[in-house]
Amino acid sequence: MTSGMCIRCGGRIVAFQKESVAREKARQLSDQAGYPVIYCMVKGIVLCGVCLDALPLIGHDICQRCGRDRELQAGINNVGLCRDCVHGEDSENLVANRSLLRYEKGERDLLGLFKYRGDERLASYYGTLLAITVQRYYRSMGFTCITTVPLHPQRLRERGFNQVDLLARHLGAAIKIPVKPLLLRTKDTPKLSKQKGRAARHESMRKAFVWGGHDMPSASKILLLDDIYTTGSTLRSCARTIREHLGPSCEIYSLTIYR
């Protein structure tokens, strides 16, 4: 029995071969109470059993602030924070980040198809991964809304669409949380991958966003969405702008596919 083509390798998805892998991945990603929901989502991912098994899932031992896998950086301290978060600045605006996958080479190639070449069929795939991440880490949070990191208008014209907005629509439909654009990007910053050092990235994001959204209650709990958490500069800049508008009682958590 087959059920479509794998979006990663192009091979046929053989359902009975994928079944045991889906069950094992769901066990890795959930406790007993959350297993049925996560299993259904994992089973629906458009990957063959081999590619599903190869997903570089972030483990259970993570930095409690940024969600970094301990395997990527030794030295999580006794309060559960990695070195970057212990010594980082502006931590009060973003409560925590959670991600599902480590950002390895094969993942970079696939994301590039979606992000830079406009392969929008991958939106459903990534939307499902994000929904799994919410179920894994945030299922009891009760978010007011989902919002996204906006693109600068020039970057939006170049790409033709904001891939994160597309992901937000898929995620919002999956977890039944409204999506609201809250920010505008006023500064066309260089790609973070081309900036050297954390200080340069932090400085480039200073005052990069302004409030441009809906009226929101000051006690809102907001889920801020992006594709990758690298240094966290972009997400913290967004969170800072939101809290400057809504006030300190607003809580902001971020969600990304990759860390």
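**View 1. Ser99 and the residues around it.** Start with what Ser99 touches: setting aside neighbours within four places in sequence, Ser99 is in contact with Ile58, Thr133, Tyr137, Tyr229, Thr256, Ile257, Tyr258 and Arg259 (contact means heavy atoms within 4.5 Å). This is a predicted model, where local features need pLDDT of at least 70, side-chain atom pairs count only at pLDDT 80 or more, and totals for chains, interfaces and linings use all residues. Residues are numbered from 1 along each chain as its sequence is written, and side-chain values use heavy atoms, with hydrogens and water left out. Ser99 sits in strand 3 (residues 96-101); helices (H or I, at least four residues) and strands (E, at least two) are DSSP runs, numbered from the N terminus. Is Ser99 buried or exposed? Ser99 counts as buried because its relative accessibility is 1%; buried means under 20% relative accessible area, exposed over 50%, and partly exposed in between (1.4 Å probe, protein chains only). The side chain of Ser99 makes a polar contact of 2.5 Å with that of Thr256, and another of 3.1 Å with that of Asn97. A polar contact is a pair of N or O atoms within 3.5 Å; within protein, one must be able to donate a hydrogen and the other to accept it, and residues adjacent in sequence count only if both atoms are side-chain atoms.

**View 2. Thr133, a partner of Ser99 in helix 6.** Thr133 lies in helix 6 and touches Arg98, Ser99, Leu100, Tyr138 and Leu255, not counting residues up to four places away in sequence. Thr133 is buried, as its relative accessible area is 0%. A polar atom of its side chain lies 2.7 Å from the backbone oxygen of Leu129.

**View 3. The open sheet.** Four strands line up here in the order 3-8-7-4, with parallel pairing (two strands pair if DSSP finds at least two bridges between them). Strand 3 and strand 4 are the edges, each pairing on one side only. From one strand to the next, the twist averages 25 degrees. In general, strands of a sheet pair through backbone hydrogen bonds, either parallel or antiparallel. Strand 3 and strand 8 pair over five bridges, and Leu101 has Tyr258 as its bridge partner in strand 8. Edge or not, strand 3 is mostly covered, with six of its six residues buried. At the other edge, strand 4 and strand 7 pair over four bridges, and Thr147 has Leu224 as its bridge partner in strand 7. Helix 8 packs on the sheet, touching strand 4, strand 7 and strand 8, and its direction makes about 130 degrees with that of strand 7. Helix 10 (residues 233-246) packs on the sheet too, touching strand 3, strand 4, strand 7 and strand 8, at about 160 degrees to the direction of strand 7. For these angles, axes are lines fitted to C-alpha atoms, for helices over the stretch in contact, and angles run from 0 to 180 degrees between N-to-C directions.

**View 4. Helix 8 from cap to end.** Helix 8 (residues 163-175) has 13 residues and reaches 19 Å from its first C-alpha to its last, close to the 18 Å expected at 1.5 Å a residue; that expected span is 1.5 Å times one less than the number of residues. What caps its N-terminal end? Asn162 does, with a side-chain oxygen 3.0 Å from the backbone nitrogen of Val164. The buried residues of helix 8 include Leu166, Leu167, Ala168 and Leu171, and the elements that its buried residues pack against include helix 5 (105-115), helix 6 (122-138) and helix 7 (153-159). Just after the helix comes Lys176, with a positive phi of about 60 degrees, although Lys176 is not a glycine. Most residues other than glycine have a negative phi. Lys176 lies in the loop between helix 8 and strand 5 (183-185) and counts as exposed because its relative accessibility is 68%.

**View 5. Leu47, Ile7 and the nonpolar cores.** The largest nonpolar core has 53 residues, and Leu47, Phe114 and Leu171 are among those that touch the most other members. Helix 6 gives the largest share of this core, ten residues. A second, separate core of 25 residues includes Cys63, Leu81, Leu224 and Leu235. A nonpolar core is a set of buried Ala, Val, Leu, Ile, Met, Phe, Trp, Tyr and Cys residues joined through side-chain atoms within 4.5 Å. Ile7, one of the residues that Leu47 touches, lies in the loop between strand 1 (2-5) and strand 2 (12-14) and counts as buried at 12% relative accessibility.
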